[in-house]
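Student: I have a model open and want to see how its labels follow from the numbers. Can you walk me through it?

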Amino acid sequence: MESAKIAKENNFCRDCGKKVEIEGEELKNAKMLVYDNQGEKIKIIKCDDCFKKNPGLADFQKCEVYSRIVGYLRPVGQWNAGKKQEYGERKEYKPSCCN
Ligand SMILES: [Zn+2]
């Protein structure tokens, strides 16, 4: 298991949803699991109770995101580098009719 930087806030146990405590740069009552998914680092936080029950990640499934590009809906993971950059720069908004 590798160490990884911990965000200062909004850290919740992946399994039970309990908020985990952070002291300085360390998780106080939880473990961080870092997985390598074909070069992409995936960080999972588990509280100590859930880590004792199951120290691994059993039901992870990567989400495939589709979006519209040059007129077609295509999986973003299959776009070329330039189009992926453009996707990252897109801004999401909610039309006023849908609030
Ligand atoms: Zn938990």
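Tutor: Sure, let's start with Ile-69, which touches Arg-74, Trp-79 and Lys-83, leaving aside residues up to four places away in sequence. Before going on: this is a predicted model, where local features need pLDDT of at least 70, side-chain atom pairs count only at pLDDT 80 or more, and totals for chains, interfaces and linings use all residues. Residues are numbered from 1 along each chain as its sequence is written.

Student: What makes Ile-69 and Trp-79 a touching pair?

Tutor: Two residues are in contact if their C-beta atoms, placed from the backbone, lie within 7 Å. Trp-79 is among the residues that Ile-69 touches, so the pair meets that cut-off.

Student: Why is Ile-69 called partly exposed?

Tutor: A residue is buried if 20 or more other C-beta atoms lie within 10 Å of its own, exposed if 12 or fewer, and partly exposed in between; C-beta atoms are placed from the backbone. Ile-69 has 17 other C-beta atoms within 10 Å, so it is partly exposed.

Student: And where does Ile-69 sit?

Tutor: Ile-69 is in strand β5. Strands here are DSSP runs of E with at least two residues, helices are runs of H or I with at least four residues, and both are numbered from the N terminus. The chain has two helices and six strands, in the order β-β-β-β-α-β-β-α.

Student: How do you know that β5 and β6 pair?

Tutor: Two strands pair if DSSP finds at least two bridges between them. β5 and β6 are joined by four bridges, so they qualify, and they run antiparallel. Ser-67 stands opposite Arg-74, and Arg-68 faces Leu-73.

Student: What is unusual about the phi of Val-70?

Tutor: Most residues other than glycine have a negative phi. Val-70 is not a glycine, yet its phi is positive, about 35 degrees. Val-70 lies in the loop between β5 (66–69) and β6 (72–75), and that hairpin has two residues between the strands.

Student: Why is Val-70 called exposed?

Tutor: Val-70 has 7 other C-beta atoms within 10 Å, so it falls in the exposed class.

Student: What about Val-34, why is that one exposed?

Tutor: Val-34 has 12 other C-beta atoms within 10 Å, and the exposed class includes 12, so the label holds. You'll find Val-34 in strand β3 (residues 30–37). Its C-alpha lies 6.3 Å from that of Ile-44, ten residues away in sequence.

Student: What makes β3 and β4 a pair?

Tutor: β3 and strand β4 (residues 40–47) share eight bridges in the antiparallel sense, so they meet the pairing rule. Met-32, for one, stands opposite Ile-45 in β4. The two strands form a hairpin with two residues between them, and Gln-38 in the turn has a positive phi of about 50 degrees.

Student: How confident is the predictor in the chain?

Tutor: pLDDT is the predictor's confidence in each residue, from 0 to 100. The chain averages 86, and 90% of the residues score at least 70. Among the elements, strand β1 (residues 22–23) has the lowest mean pLDDT, 86, while β6 has the highest, 95.

Student: And how much of the chain counts as buried?

Tutor: Of its 99 residues, 5% count as buried.
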